[in-house]
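Here are my notes after a pass through this one. Have the viewer open while you read, and skip around as you like.

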Amino acid sequence: MARRDWRSGLRRRCYEILEQGPVGDRTSMLVDRLLVLLIIVNLVSVALESMPELAARYGTWFDAIELASLVAFSLEYGLRIWAAVEHRPYRHQSAWRSRWNYVTSAAGIVDLLAVLPFWLALLFPVDLRAILVLRAVRFLKIARYSPAMRSLLEVIYRERRALVGCVVILIGATFIAASLMHLAEGRAQPDKFGTIPDAMWWAIVTLGTIGYGDVVPITAVGKLIAGATIFLGLIMVALPVGIIASGFAEEIHRRDFVVTWGMVARVPLFSELDAGEIGDIMRLLRAQQVEPGGLIARRGDAAHSMYFVAEGEVEIELPHQRVRLGVGHFFGEIAVLRRARRSANVTAVSRTSLLVLEAHEFHALMDRDPRLSKRVQEVVRSRLGREVVSPHGDIVTEEVEETDVMKDRE
């Protein structure tokens with residue numbers, strides 16, 4: 001039983017390192033960065049190895065890079081298969097079923113392709129150029145470690161119907177443009193527009209706004225059709241770009257909204273407010289960037305705002321301790337309630353993005369919404385009355401305790 005628990009704990013830890021470790025897990029971050037570095041080295045190696053003079057001179061180094069990559073990616077692939085049972089959506093399934101789901105998933109297929117080229121070269125006589133192309137597929141593994149790429153892929157998947165519609169429209173426009181050009185130019189240039197399939201090359205190049213110039217109309221009607229096709233091509237290029245751009249912006253906005261909502265809702269002062277009231281507070285937040293070492297608040301200064309850490313890390317210098325706050329933490333809560341003095345110096349440890357809630361804007365919101373004002377005052381009386389670090393300070397002990405709790409979880 002103990003051995004089974006030990007194996008289960010090891011497998012869970014392996015899953016956390018490779019997939020979804022706790023926030024701030026240094027081992028997971030280190031492994032991710034090493035894998036990304038190895039992928040980049042592979043891509044550079046593939047590009048340089050395609051040059052005969054470099055391949056002849058540094059062939060041993062290229063082989064060493066490929067061998068190290070094979071070992072690393074094969075080990076990673078095997079561990080991901082073994083730890084797949086810890087993936088939350090698969091936990092209700094049997095072990096073999098969970099692993100099969102990973103192997104057949106998009107991420108599993110990419111991981112397999114990352115190790116497949118070398119094994120194919122060992123087992124089968126294949127063209128080395130094809131092996132180089134398959135090794136370049138390792139670039140797709142970066143999507144696992146890049147939130148931006150994951151967001152982009154999610155947007156493409158979510159907008160797949162609209163994008164397929166664009167492809168259908170493009171195919172239809174290509175066929176129509178080729179047919180019209182065949183009628184207009186078929187007799188004048190039978191070698192280039194004599195058939196609709198021949199004319200489709202011109203239509204594809206024109207609608208793609210490339211315009212090689214190898215095939216051009218010479219009749220007046222053909223030139224008129226070509227002009228209309230060029231304008232249509234501009235629209236065809238802009239349509240999918242607009243769909244993806246708007247979807248990507250919406251995805252980023254949604255993620256920022258969820259993160260900000262979580263930060264605001266966790267503040268004791270706002271934790272008992274409903275969704276609409278928290279949304280009103282979120283609209284008051286403004287962004288602020290602070291460079292490393294920058295002073296955010298000075299002890300003794302008038303406190304007029306509270307801060308949420310959206311990115312980076314800050315350090316609070318309390319009288320008897322120093323506390324570091326990371327992403328999702330907050331400080332200066334009392335400043336939005338009453339005139340107070342800063343009870344600590346707060347500096348940015350790294351480049352930090354803050355969301356700032358100004359006290360006067362919050363009070364203006366409370367004046368506009370008496371119900372919100374009443375609920376906030378109830379929270380103040382029940383939870384914050386005796387928790388100020390100093391009689392005139394703006395740091396609440398619950399903020400420090402919240403930091404300790406989150407660090408324990410991490």
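1. A quick word on terms: helices here are DSSP runs of H or I with at least four residues, numbered from the N terminus. On that count, leucine 30 belongs to helix 2, which covers residues 26–49. Keep in mind throughout that this is a predicted model.

2. Is leucine 30 buried or exposed? With a relative accessible area of 52%, leucine 30 is exposed, because the cut-off for that label is over 50%. Leu30 also has company: together with Leu34, Leu37 and Val41 it makes up a nonpolar patch on the surface. The accessible area of these four side by side comes to about 360 Å² together. As background, an α-helix has 3.6 residues a turn, so residues three or four places apart point the same way.

3. Next, helix 5 (residues 95–103). Which of its residues are buried? They are Ser98, Asn101 and Tyr102. Looking down the axis of helix 5, these buried residues fall within an arc of 100°, so they line one face of the helix.

4. Now the strands, starting with an open sheet of 4 strands in the order 2-9-5-6, paired antiparallel. Its edges are strand 2 (295–297) and strand 6 (322–325), each of which pairs on one side only. Ignoring direction, neighbouring strands in this sheet are turned by 25° against each other on average.

5. Strand 5 (residues 314–317) is a good place to look at the pairing in detail. It runs antiparallel to strand 6, with 4 bridges joining the two, and a hairpin through 4 residues connects them. If you want to check the register, glutamate 317 stands opposite arginine 322 in strand 6, and isoleucine 316 has valine 323 as its bridge partner there.

6. What about strand 5 and strand 9 (residues 345–348): how many bridges join them? There are 4, and the two strands run antiparallel. Here glutamate 315 stands opposite threonine 347 in strand 9. As a reminder for anyone tracing side chains, in a regular strand they alternate between the two faces of the sheet.

7. There is also an open sheet of 4 strands with the order 1-10-4-7, again with antiparallel pairing. Strand 1 (286–290) and strand 7 (330–331) are the edge strands, each pairing on one side only. Strand 1 is joined to strand 10 (residues 352–358) by 5 bridges, running antiparallel. One pair to click on is glutamine 289, whose bridge partner in strand 10 is serine 353.

8. Strand 4 (residues 305–311) deserves its own point. Why call strand 4 largely enclosed by the rest of the structure? Because 5 of its 7 residues are buried, and the cut-off behind that word is under 20% relative accessible area.

9. Finally, the partners of strand 4. It pairs with strand 10 in the antiparallel sense over 6 bridges, and serine 305 stands opposite glutamate 358 in strand 10. With strand 7, strand 4 shares 2 bridges, also antiparallel. The bridge partner of tyrosine 307 in strand 7 is phenylalanine 331.

Terms used. Residues are numbered from 1 along each chain as its sequence is written. This is a predicted model: local features need pLDDT of at least 70, side-chain atom pairs count only at pLDDT 80 or more; totals for chains, interfaces and linings use all residues. Side-chain values use heavy atoms; hydrogens and water are left out. Patches are made of residues with over 30% relative accessible area and no salt bridge: like charges are joined within 9 Å, nonpolar side chains (Val, Leu, Ile, Met, Phe, Trp, Tyr) within 5 Å. Accessible areas come from the Shrake-Rupley method with a 1.4 Å probe; for residues, only the protein chains shown count as cover. A salt bridge is a side-chain nitrogen of Lys or Arg within 4 Å of a carboxyl oxygen of Asp or Glu. Buried means under 20% relative accessible area, exposed over 50%, partly exposed in between (1.4 Å probe, protein chains only). The arc is that of the directions from the helix axis to the C-beta atoms. Two strands pair if DSSP finds at least two bridges between them. Axes are lines fitted to C-alpha atoms, for helices over the stretch in contact, and angles run from 0 to 180 degrees between N-to-C directions.
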